[in-house]
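Biologist: I am new to this protein. Please take me closely through one part of it, the sheet with the most to tell, and then show me how the rest fits around that part.

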Amino acid sequence: MPKTPFHCEAIRLQFPSLNGAEKNKQPVYLDSAATTQKPTAVIECLHHYYSSAHANVHRGTHDFSQSSTLRFDAARQRIAQFLNAPEEGIIWTRGATEGINLIAQSYALNTLKKGDEILISEMEHHANLVPWQLVAKQTGAKIIKWPMIPKIAELDMPALDRLINKNTKILAVAHISNVTGTRHPVEKIIEKAHQKGVVVVLDGAQAVLHESVNLKKLNADFYVFSGHKIFGPEGIGVLYVNPKHLPSMPPWQGGGKIIEKVRFSETTFLSSALKFEPGTPNISGAIALACAIEWLESIDRDGAEKHIASLQAQFIQGISDIDGIQIFGLQKGASVVAFGIEGVHHSDLATLLDKQGIALRSGQHCAQPFIEGLGISGCLRVSIALYNTHDDILRCILAIKKACELL
Ligand SMILES: Cc1ncc(COP(=O)(O)O)c(C=O)c1O
């Protein structure tokens, strides 16, 4: 179906949290990489779910349960379609963090042995490092750092051939960095890893919002993302597992709904991916996430990304004449700019910006090794979404300049 060309003002009107105040006093929200604001469609979806017949899923013959089950199952199909992935590989989680922990505590714990290596890029969010450290301790496997080139904040691709060896079993890398917006060449990475029999985990937390992910084409073994970063609610996320890995993945948490037979002596489990969803799932969250995706796919995504790229260019241009400005690992056309100003502490600047109604993130962005690799103690990050306007960017630039005068 042809889509209406992207129009930022019309989109922004669909986000009540951004439209409460008079126009020139509206909040400037530039922290969408941390979490996105929610459109009316998603808020209403949640309201509608709890205002209509709902009950626990897959366990009642009554109408209320059937109604919830239908909507919950349809949500999983919707996610599979969104990722172009087989539905039997889609698992509901609490978010990207839980998805990676699940892979570590099920797949990795049961396949790794002493001396095996887990290759992890230096540019990862803690969510894609700490779970691997835990499982490395449990199994005797080693974590190997895949370094970046600090000057450009890009992964050292030639080093990959050297780093993958016969002990390498898993490679974990973000699809898009949460600090610099760098899009790693994941197609090439997967190809190289697979040639040597290495399983690839992609952290898609920052990617799903900004590009159409086609997992059939990409051929990642595992892929994770969080609902709240793509206009859905918190507490719901998705893990995709290539179904060929399911037999080597036992459940990582026990409980009801994932079992075939339970005896006091022993329990046998489902073989499908449902073995990872014990207990009552986040039913409303799953339905609202599917609604968020439906909403996102109803708009002109290419137009939205062009708009975001134009805001990024405006921001870079606007701050370029500030004395001592430093931009880290700039990737043109991305939704993120990581920056600092020599002699100004990032948190002081963020505090002064907050006082002027500008919300952005400062600090280490849950990526301490990455930040240290850049040779800094922290930085500021502007992260742009489709509801941001040129006026937001202008107000942010002016506020930074004003804060710099004060500091
Ligand atoms: C790249 C990346 N990975 C993982 C996460 C963790 O996501 P969550 O806290 O929703 O589990 C984030 C959150 O900022 C992220 O940006």
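**A close look at the seven-stranded sheet**

Modeller: Buried residues make up 45% of the 407 residues in the protein. Keep in mind that this is a predicted model.

A little background comes before the close look. The protein has 13 helices and 17 strands. Its radius of gyration is 22 Å, close to the 22 Å that the globule rule gives for 407 residues, so the protein is as compact as a globular protein of that length. The C-alpha trace spans about 70 × 55 × 40 Å along the principal axes. Take the contacts between residues at least 6 apart in sequence: 70% of them join residues at least 24 apart.

Now to the sheet itself. It is open and has 7 strands. Their order is E2-E10-E9-E8-E7-E3-E4, and the pairing is mixed. Strand E2 (90–93) and strand E4 (142–146) stand at the edges. Each has a single partner strand, so one side of each is left without a neighbour in the sheet. From one strand to the next, the twist averages 20°.

Look next at E7 and E8. Strand E7 covers residues 168–174, and strand E8 covers residues 199–203. The two run parallel, joined by 5 bridges. Two residue pairs help to place them. Ile170 has Val199 in E8 as its bridge partner. Leu171 stands opposite Val200 in E8.

E8 deserves a slower look. The strand is mostly covered, with 5 of its 5 residues buried. Val199, Val201 and Asp203 point one way from E8. Val200 and Leu202 point the other way. Residues on both sides are buried, Asp203 included.

A helix also packs on this sheet. Helix H3 (residues 63–83) touches E2, strand E9 (222–226) and strand E10 (237–241). The direction of H3 makes about 115° with that of E2.

The ligand is the next stop. There are 13 residues around the ligand. Gly95, Thr97, Asn178, Ala205 and Ser226 come nearest. One of these, Ser226, falls within the 222–226 range of strand E9. By type, the shell around the ligand divides into 5 nonpolar, 7 polar and 1 charged.

For contrast, turn to another sheet. This one is open too, with 4 strands in the order E13-E14-E17-E16. Its pairing is antiparallel. Strand E13 (325–328) and strand E16 (361–363) are the edge strands, and each pairs on one side only. Neighbouring strands here are turned by 30° against each other on average, direction ignored. E16 meets strand E17 (residues 379–383) through 3 bridges, and the two run antiparallel. Within this pair, Arg361 stands opposite Arg381 in E17.

This sheet also has a helix across it. Helix H10 (residues 301–319) lies across E13, strand E14 (336–341) and E17. H10 runs at about 10° to E14.

One residue of H10 rounds off the tour. His307 is found in helix H10. His307 has 22 C-beta neighbours inside 10 Å, so it counts as buried. Leaving out residues up to four places away in sequence, His307 touches Phe6, Cys8 and Leu386. Asn388 is 81 residues from His307 along the chain, yet their C-alpha atoms are separated by 9.0 Å.

Conventions. Residues are numbered from 1 along each chain as its sequence is written. This is a predicted model: local features need pLDDT of at least 70, side-chain atom pairs count only at pLDDT 80 or more; totals for chains, interfaces and linings use all residues. The radius of gyration is taken over C-alpha atoms; the globule rule is 2.2 Å times the number of residues to the power 0.38. A residue is buried if 20 or more other C-beta atoms lie within 10 Å of its own, exposed if 12 or fewer, and partly exposed in between; C-beta atoms are placed from the backbone. Two residues are in contact if their C-beta atoms, placed from the backbone, lie within 7 Å. A residue is near a molecule or strand if its C-beta atom, placed from the backbone, lies within 6 Å of it. Ala, Val, Leu, Ile, Met, Phe, Trp, Tyr, Cys and Pro count as nonpolar, Asp, Glu, Lys and Arg as charged, and the others, Gly among them, as polar. Two strands pair if DSSP finds at least two bridges between them. Axes are lines fitted to C-alpha atoms, for helices over the stretch in contact, and angles run from 0 to 180 degrees between N-to-C directions.
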